[in-house]
Amino acid sequence: MIQKYEPAADAVRTVLIVEDQIEMRAIASAYLERQGYRVLATDNGADAVRQARAEQPDLIFMDVSIPGMDGIRATAEIKRDPATRAIPVVIVTAHPYGSVGKRAMDAGCDGWLNKPCDPRRLLQEVQRRVGAPN
């Protein structure tokens, strides 16, 4: 059963997209913004950890293969920090689940989506985990 993250009642829901492919990041960001969500985006793991701490997004979509600190290490950092531990992190990757999935789950990820991932599927995941944009 998915445990729903409960953001502040009056806050606009914020999604952080961590994706190094510019086109995929832009499409996902634009689609979620059109649905009313606030979207933050970065292309690397170290910046994802910094943004998670500074911005406290309601949900993070994390690619695995990103520059510098990969998505699994970034997820582990986010989940180790008491200030960001409760933020759901959903891995979005083209890697087959297999050993990558086990490493992601061990790092604390909360879900897994395969690429290519239609932006409507991302929206469904956001709505399921954090609700309407507000």
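**Exercise 1. Find out why the sulfur of Cys109 has no bond to the closest cysteine sulfur.**

Step 1: The closest cysteine sulfur to that of Cys109 belongs to Cys117, and it lies 14 Å away.

Step 2: Hold this against the rule, in which a disulfide is a pair of cysteine sulfur atoms within 2.5 Å. Because the sulfur of Cys109 is 14 Å from that of Cys117, it is too far for a bond.

Step 3: Counting by this rule gives 0 disulfides.

A note before going on: this is a predicted model, where local features need pLDDT of at least 70 and side-chain atom pairs count only at pLDDT 80 or more, while totals for chains, interfaces and linings use all residues. Residues are numbered from 1 along each chain as its sequence is written, and side-chain values use heavy atoms, with hydrogens and water left out.

**Exercise 2. Decide whether Cys109 and Cys117 are buried or exposed.**

Step 1: Take the cut-offs: buried is under 20% relative accessible area, exposed over 50%, and partly exposed in between (1.4 Å probe, protein chains only).

Step 2: Cys109 has 7% relative accessibility, so it is buried. Cys117 has 16%, so it is buried as well.

**Exercise 3. Describe the surroundings of Thr93.**

Step 1: Place Thr93 in strand E4, residues 89-93 (strands, E, are DSSP runs of at least two residues, numbered from the N terminus).

Step 2: With 1% relative accessibility, Thr93 is buried.

Step 3: Look for contacts (heavy atoms within 4.5 Å). Beyond its neighbours within four places in sequence, Thr93 touches Asp63, Val64, Trp112, Leu113, Asn114 and Lys115.

Step 4: Follow the side chain of Thr93, which reaches the backbone nitrogen of His95 at 3.1 Å.

Methods: Helices (H or I, at least four residues) and strands (E, at least two) are DSSP runs, numbered from the N terminus. A polar contact is a pair of N or O atoms within 3.5 Å; within protein, one must be able to donate a hydrogen and the other to accept it, and residues adjacent in sequence count only if both atoms are side-chain atoms.
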